[in-house]
Amino acid sequence: MTETATAAGIASESGATASKSEQAYAAVKARIVDGTYSPGYRLVLAAIAKYLGVSVVPVREAIRRLEAEGLVTFERNVGATVSGIDPTEYLYTMQTLSIVEGAATALSAPLIDSVAIARARAVNEDMRECLEHFDPVRFTRLNQDFHSILFEHCPNPHILDLVHRGWNRLASLRSSTFRFVPGRAHESVDEHEALLRLLEAGADADVIEKSARRHRSATLDAYLAQAQPLPQRNAGSLSAR
(Lines give C-alpha, C1' and ligand atoms only; values in the text may rest on other atoms or scores of the structure.)
Protein backbone atom coordinates (compact mmCIF):
# COMPACT_ATOMS: atom_id res chain seq x y z
CA MET A 1 0.00 0.00 0.00
CA THR A 2 1.36 3.43 -0.94
CA GLU A 3 1.94 6.19 1.60
CA THR A 4 -0.88 8.19 0.02
CA ALA A 5 -3.28 5.25 0.21
CA THR A 6 -2.29 4.62 3.81
CA ALA A 7 -2.93 8.26 4.73
CA ALA A 8 -6.30 8.14 3.00
CA GLY A 9 -7.20 4.99 4.89
CA ILE A 10 -6.25 6.58 8.22
CA ALA A 11 -8.25 9.71 7.38
CA SER A 12 -11.25 7.58 6.41
CA GLU A 13 -11.02 5.57 9.62
CA SER A 14 -10.65 8.77 11.64
CA GLY A 15 -13.70 10.26 9.95
CA ALA A 16 -15.74 7.14 10.63
CA THR A 17 -14.75 7.22 14.31
CA ALA A 18 -15.62 10.90 14.56
CA SER A 19 -18.99 10.23 12.95
CA LYS A 20 -19.73 7.37 15.35
CA SER A 21 -18.64 9.53 18.27
CA GLU A 22 -21.07 12.25 17.15
CA GLN A 23 -23.87 9.69 16.81
CA ALA A 24 -23.12 8.27 20.26
CA TYR A 25 -23.04 11.79 21.71
CA ALA A 26 -26.40 12.70 20.17
CA ALA A 27 -28.00 9.42 21.26
CA VAL A 28 -26.83 9.54 24.87
CA LYS A 29 -27.61 13.25 25.23
CA ALA A 30 -31.13 12.70 23.86
CA ARG A 31 -31.77 10.03 26.47
CA ILE A 32 -30.51 12.29 29.23
CA VAL A 33 -32.64 15.18 28.01
CA ASP A 34 -35.85 13.14 27.69
CA GLY A 35 -35.32 11.53 31.08
CA THR A 36 -34.66 7.97 29.89
CA TYR A 37 -31.33 8.29 31.67
CA SER A 38 -32.41 10.01 34.87
CA PRO A 39 -30.12 11.79 37.38
CA GLY A 40 -27.82 9.26 39.03
CA TYR A 41 -28.23 6.72 36.22
CA ARG A 42 -24.99 4.80 35.70
CA LEU A 43 -23.73 5.00 32.13
CA VAL A 44 -22.10 1.64 31.38
CA LEU A 45 -19.99 2.20 28.27
CA ALA A 46 -20.04 -1.42 27.07
CA ALA A 47 -23.82 -1.65 27.37
CA ILE A 48 -24.36 1.64 25.54
CA ALA A 49 -21.91 0.64 22.81
CA LYS A 50 -23.72 -2.67 22.31
CA TYR A 51 -27.10 -0.90 22.18
CA LEU A 52 -25.83 1.60 19.61
CA GLY A 53 -23.93 -1.01 17.60
CA VAL A 54 -20.56 0.72 17.92
CA SER A 55 -17.30 0.12 19.77
CA VAL A 56 -16.60 1.52 23.22
CA VAL A 57 -14.21 4.17 21.83
CA PRO A 58 -16.80 6.59 20.33
CA VAL A 59 -19.04 6.11 23.38
CA ARG A 60 -16.16 7.06 25.68
CA GLU A 61 -15.53 10.19 23.60
CA ALA A 62 -19.22 11.06 23.74
CA ILE A 63 -19.31 10.65 27.52
CA ARG A 64 -16.30 12.95 27.86
CA ARG A 65 -18.10 15.64 25.86
CA LEU A 66 -21.18 15.28 28.02
CA GLU A 67 -19.04 15.54 31.13
CA ALA A 68 -17.56 18.80 29.82
CA GLU A 69 -21.13 20.09 29.34
CA GLY A 70 -22.04 19.16 32.90
CA LEU A 71 -24.58 16.49 31.97
CA VAL A 72 -22.39 13.61 33.15
CA THR A 73 -20.31 13.19 36.30
CA PHE A 74 -17.50 10.74 37.00
CA GLU A 75 -17.59 9.24 40.49
CA ARG A 76 -14.85 7.15 42.05
CA ASN A 77 -15.67 3.44 42.18
CA VAL A 78 -18.89 4.15 40.28
CA GLY A 79 -17.90 5.54 36.90
CA ALA A 80 -19.96 7.82 34.69
CA THR A 81 -23.40 8.81 35.97
CA VAL A 82 -26.00 11.30 34.81
CA SER A 83 -25.71 14.58 36.68
CA GLY A 84 -28.63 16.07 38.52
CA ILE A 85 -29.63 19.69 38.11
CA ASP A 86 -27.00 21.98 39.57
CA PRO A 87 -29.22 23.99 41.96
CA THR A 88 -26.89 27.00 41.99
CA GLU A 89 -26.59 27.17 38.19
CA TYR A 90 -30.35 26.72 37.86
CA LEU A 91 -30.89 29.51 40.39
CA TYR A 92 -28.72 31.98 38.48
CA THR A 93 -30.20 31.03 35.12
CA MET A 94 -33.80 31.41 36.28
CA GLN A 95 -33.08 34.69 38.08
CA THR A 96 -31.57 36.12 34.91
CA LEU A 97 -34.29 34.75 32.66
CA SER A 98 -37.04 36.16 34.86
CA ILE A 99 -35.57 39.64 34.35
CA VAL A 100 -34.80 39.54 30.63
CA GLU A 101 -37.89 37.55 29.60
CA GLY A 102 -40.11 39.85 31.64
CA ALA A 103 -38.58 42.87 29.90
CA ALA A 104 -38.86 41.25 26.46
CA THR A 105 -42.54 40.41 27.02
CA ALA A 106 -43.32 43.94 28.19
CA LEU A 107 -41.54 45.47 25.19
CA SER A 108 -43.40 43.10 22.87
CA ALA A 109 -46.81 43.89 24.37
CA PRO A 110 -47.74 46.78 22.03
CA LEU A 111 -46.89 44.55 19.04
CA ILE A 112 -48.85 41.49 20.16
CA ASP A 113 -52.08 41.44 18.18
CA SER A 114 -55.21 39.33 18.55
CA VAL A 115 -53.83 36.70 16.18
CA ALA A 116 -50.73 36.21 18.33
CA ILE A 117 -52.83 36.03 21.48
CA ALA A 118 -55.04 33.41 19.86
CA ARG A 119 -51.96 31.38 18.93
CA ALA A 120 -50.62 31.61 22.48
CA ARG A 121 -53.98 30.63 23.97
CA ALA A 122 -54.19 27.61 21.67
CA VAL A 123 -50.75 26.48 22.84
CA ASN A 124 -51.81 26.99 26.45
CA GLU A 125 -54.86 24.81 25.86
CA ASP A 126 -52.57 22.10 24.50
CA MET A 127 -50.60 22.43 27.73
CA ARG A 128 -53.80 22.08 29.75
CA GLU A 129 -54.68 18.90 27.87
CA CYS A 130 -51.14 17.63 28.45
CA LEU A 131 -51.80 17.77 32.19
CA GLU A 132 -54.27 14.88 31.92
CA HIS A 133 -51.52 12.42 30.95
CA PHE A 134 -48.55 14.45 32.03
CA ASP A 135 -45.55 14.42 29.72
CA PRO A 136 -43.01 16.86 31.22
CA VAL A 137 -40.84 17.00 28.09
CA ARG A 138 -43.77 17.84 25.78
CA PHE A 139 -45.15 20.25 28.37
CA THR A 140 -41.83 22.09 28.50
CA ARG A 141 -41.66 22.27 24.71
CA LEU A 142 -45.15 23.76 24.60
CA ASN A 143 -44.21 26.13 27.42
CA GLN A 144 -41.34 27.47 25.35
CA ASP A 145 -43.64 27.82 22.33
CA PHE A 146 -46.09 29.81 24.44
CA HIS A 147 -43.52 32.25 25.76
CA SER A 148 -41.83 32.57 22.39
CA ILE A 149 -45.04 33.95 20.92
CA LEU A 150 -45.11 36.62 23.62
CA PHE A 151 -41.49 37.76 23.45
CA GLU A 152 -40.70 37.13 19.76
CA HIS A 153 -41.74 40.68 18.77
CA CYS A 154 -39.34 42.32 21.24
CA PRO A 155 -37.78 45.25 19.31
CA ASN A 156 -34.55 45.12 21.35
CA PRO A 157 -32.30 42.44 19.77
CA HIS A 158 -29.86 42.46 22.69
CA ILE A 159 -32.56 41.59 25.22
CA LEU A 160 -33.97 38.98 22.86
CA ASP A 161 -30.52 37.42 22.52
CA LEU A 162 -30.23 37.17 26.31
CA VAL A 163 -33.65 35.47 26.47
CA HIS A 164 -32.61 32.85 23.91
CA ARG A 165 -29.35 32.27 25.77
CA GLY A 166 -31.30 31.72 28.98
CA TRP A 167 -33.57 29.14 27.35
CA ASN A 168 -30.58 27.36 25.83
CA ARG A 169 -28.86 27.25 29.21
CA LEU A 170 -31.98 25.77 30.78
CA ALA A 171 -32.06 23.08 28.09
CA SER A 172 -28.48 22.13 28.88
CA LEU A 173 -29.31 21.87 32.58
CA ARG A 174 -32.27 19.58 32.04
CA SER A 175 -35.10 19.21 29.57
CA SER A 176 -37.86 19.84 32.08
CA THR A 177 -37.98 21.30 35.55
CA PHE A 178 -41.61 20.17 35.63
CA ARG A 179 -40.32 16.61 35.93
CA PHE A 180 -39.11 17.56 39.40
CA VAL A 181 -42.04 19.80 40.41
CA PRO A 182 -45.02 18.42 38.41
CA GLY A 183 -47.55 20.26 40.58
CA ARG A 184 -46.17 23.54 39.31
CA ALA A 185 -47.43 22.73 35.79
CA HIS A 186 -51.10 23.29 36.73
CA GLU A 187 -50.32 26.69 38.24
CA SER A 188 -48.23 27.64 35.22
CA VAL A 189 -51.13 27.12 32.81
CA ASP A 190 -53.41 29.34 34.93
CA GLU A 191 -50.74 32.04 35.12
CA HIS A 192 -50.38 31.94 31.34
CA GLU A 193 -54.07 32.71 30.95
CA ALA A 194 -53.81 35.59 33.43
CA LEU A 195 -50.91 37.02 31.45
CA LEU A 196 -52.88 36.77 28.21
CA ARG A 197 -55.76 38.65 29.78
CA LEU A 198 -53.42 41.46 30.78
CA LEU A 199 -52.19 41.70 27.20
CA GLU A 200 -55.75 41.70 25.85
CA ALA A 201 -56.71 44.44 28.27
CA GLY A 202 -53.78 46.62 27.17
CA ALA A 203 -52.26 46.70 30.66
CA ASP A 204 -49.28 48.95 31.35
CA ALA A 205 -45.89 47.57 30.39
CA ASP A 206 -44.79 47.66 34.02
CA VAL A 207 -47.73 45.48 35.08
CA ILE A 208 -47.04 42.99 32.29
CA GLU A 209 -43.34 42.82 33.12
CA LYS A 210 -44.03 42.19 36.83
CA SER A 211 -46.54 39.47 35.97
CA ALA A 212 -44.09 37.73 33.63
CA ARG A 213 -41.33 37.94 36.22
CA ARG A 214 -43.53 36.56 39.01
CA HIS A 215 -44.52 33.69 36.73
CA ARG A 216 -40.89 32.73 36.06
CA SER A 217 -39.84 33.21 39.69
CA ALA A 218 -42.68 31.00 40.93
CA THR A 219 -41.21 28.03 39.04
CA LEU A 220 -37.80 28.76 40.55
CA ASP A 221 -39.29 28.96 44.04
CA ALA A 222 -41.14 25.66 43.55
CA TYR A 223 -37.93 23.93 42.57
CA LEU A 224 -35.84 25.44 45.37
CA ALA A 225 -38.51 24.49 47.90
CA GLN A 226 -37.82 20.80 47.30
CA ALA A 227 -34.16 20.87 46.18
CA GLN A 228 -31.46 19.55 48.47
CA PRO A 229 -29.35 21.38 49.39
CA LEU A 230 -31.09 24.73 49.17
CA PRO A 231 -28.47 27.20 47.90
CA GLN A 232 -29.23 30.83 48.66
CA ARG A 233 -32.89 30.00 48.99
CA ASN A 234 -33.71 33.47 50.31
CA ALA A 235 -32.27 34.88 47.10
CA GLY A 236 -34.33 32.54 44.95
CA SER A 237 -37.31 34.70 44.23
CA LEU A 238 -37.04 37.85 42.17
CA SER A 239 -40.78 38.38 42.13
CA ALA A 240 -41.68 42.02 41.70
CA ARG A 241 -42.89 43.68 44.86
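A polar contact is a pair of N or O atoms within 3.5 Å; within protein, one must be able to donate a hydrogen and the other to accept it. Keep that in mind for the exercises below, and remember that the structure is a predicted model.

**Exercise 1. Apply the definition to Arg31**

Work out what the side chain of Arg31 reaches at 3.1 Å, and whom Arg31 touches farther along the sequence.

Solution.
- Find Arg31 in helix α1.
- Follow its side chain: Arg31 reaches the backbone oxygen of Ala27, and the distance is 3.1 Å. The cut-off for a polar contact is 3.5 Å.
- Now skip residues up to four places away in sequence; Arg31 then touches Thr36, Tyr37 and Tyr51.

**Exercise 2. Get the overall layout**

List the helices and strands of the protein chain in order.

Solution.
- Start with the count: the chain has nine helices and two strands.
- Next, read along the sequence to get α-α-α-β-β-α-α-α-α-α-α.
- Then look at burial: of the 241 residues in the chain, 41% are buried.
- Finish with the contacts. Take those between residues at least 6 apart in sequence, and 74% of them join residues at least 24 apart.

**Exercise 3. Decide where to trust the model**

Find the elements with the lowest and the highest mean pLDDT, then check the stretches below 50.

Solution.
- Begin with the whole chain: pLDDT averages 83, and 84% of the residues score at least 70.
- Go element by element. Helix α1 (residues 3–33) has the lowest mean, 65, while helix α5 (residues 114–130) has the highest, 97.
- Residues 1–14 have pLDDT below 50, and beyond near neighbours in sequence this stretch has one contact in the model.
- Residues 230–241 also stay under 50, yet the model gives them 27 contacts beyond four places in sequence.

**Exercise 4. Stay with α1 and classify Ala26**

Is Ala26 buried, partly exposed or exposed, and how far is it from Ala62 in space?

Solution.
- Locate Ala26 in helix α1.
- Its relative accessibility is 41%. Partly exposed covers the range between 20% and 50%, so Ala26 counts as partly exposed.
- Jump 36 residues in sequence to Ala62: the two C-alpha atoms are 8.2 Å apart.

**Exercise 5. Compare two helix pairs**

Describe how α2 packs on α3, and how α5 packs on α8.

Solution.
- Take α2 (residues 45–52) and α3 (residues 56–68) to begin with. Their axes lie 9 Å apart, at an angle of about 115°.
- The crossing of this pair is right-handed.
- On the α2 side, the meeting residues are Leu45, Ala46, Ile48 and Ala49; on the α3 side, they are Val56, Val59, Arg60 and Ile63.
- Turn to α5 and α8, whose axes come within 10 Å and cross at roughly 165°.
- Angles over 145 degrees count as roughly antiparallel, so that is how α5 and α8 run relative to each other.
- The α5–α8 crossing is left-handed.
- Residues from α5 that take part include Ile117, Asn124 and Met127, and they face a set in α8 that includes Val189, Leu196 and Leu199.

**Exercise 6. Look around Arg184**

Is Arg184 buried or exposed, and which residues does it touch?

Solution.
- Place Arg184 in helix α8 (residues 183–200).
- Its relative accessibility is 3%. Buried means under 20%, so Arg184 counts as buried.
- Leave out residues up to four places away, and Arg184 touches Phe178, Glu191, His215, Ala218, Thr219 and Ala222.
- Zoom in on Thr219: a polar contact of 2.9 Å joins its side chain to that of Arg184.
- Zoom in on Ala222: this residue is 38 places along the chain from Arg184, with 6.9 Å between their C-alpha atoms.

**Exercise 7. From α3 to the strand loop**

Describe the setting of Glu67, then say what stands out in the backbone of Asn77.

Solution.
- Glu67 lies in helix α3 and, at 35% relative accessibility, counts as partly exposed.
- Apart from residues up to four places away, Glu67 touches Val72 and Phe74.
- Its C-alpha is 8.7 Å from that of Ser83, which is 16 residues away along the chain.
- Move on to Asn77, in the loop between β1 (72–75) and β2 (79–82).
- Asn77 has a relative accessibility of 80%, so it counts as exposed.
- Check phi: for Asn77 the angle is near 65°, a positive value in a residue other than glycine.
- Most residues other than glycine have a negative phi.

How values were computed
Residues are numbered from 1 along each chain as its sequence is written. Side-chain values use heavy atoms; hydrogens and water are left out. Helices (H or I, at least four residues) and strands (E, at least two) are DSSP runs, numbered from the N terminus. Buried means under 20% relative accessible area, exposed over 50%, partly exposed in between (1.4 Å probe, protein chains only). pLDDT is the predictor's confidence in each residue, from 0 to 100. Contact means heavy atoms within 4.5 Å. Axes are lines fitted to C-alpha atoms, for helices over the stretch in contact, and angles run from 0 to 180 degrees between N-to-C directions. Angles under 35 degrees count as roughly parallel, over 145 as roughly antiparallel, 65 to 115 as roughly perpendicular and the rest as oblique. A crossing is left-handed if the near helix is turned anticlockwise from the far one by less than a right angle, and right-handed if clockwise.
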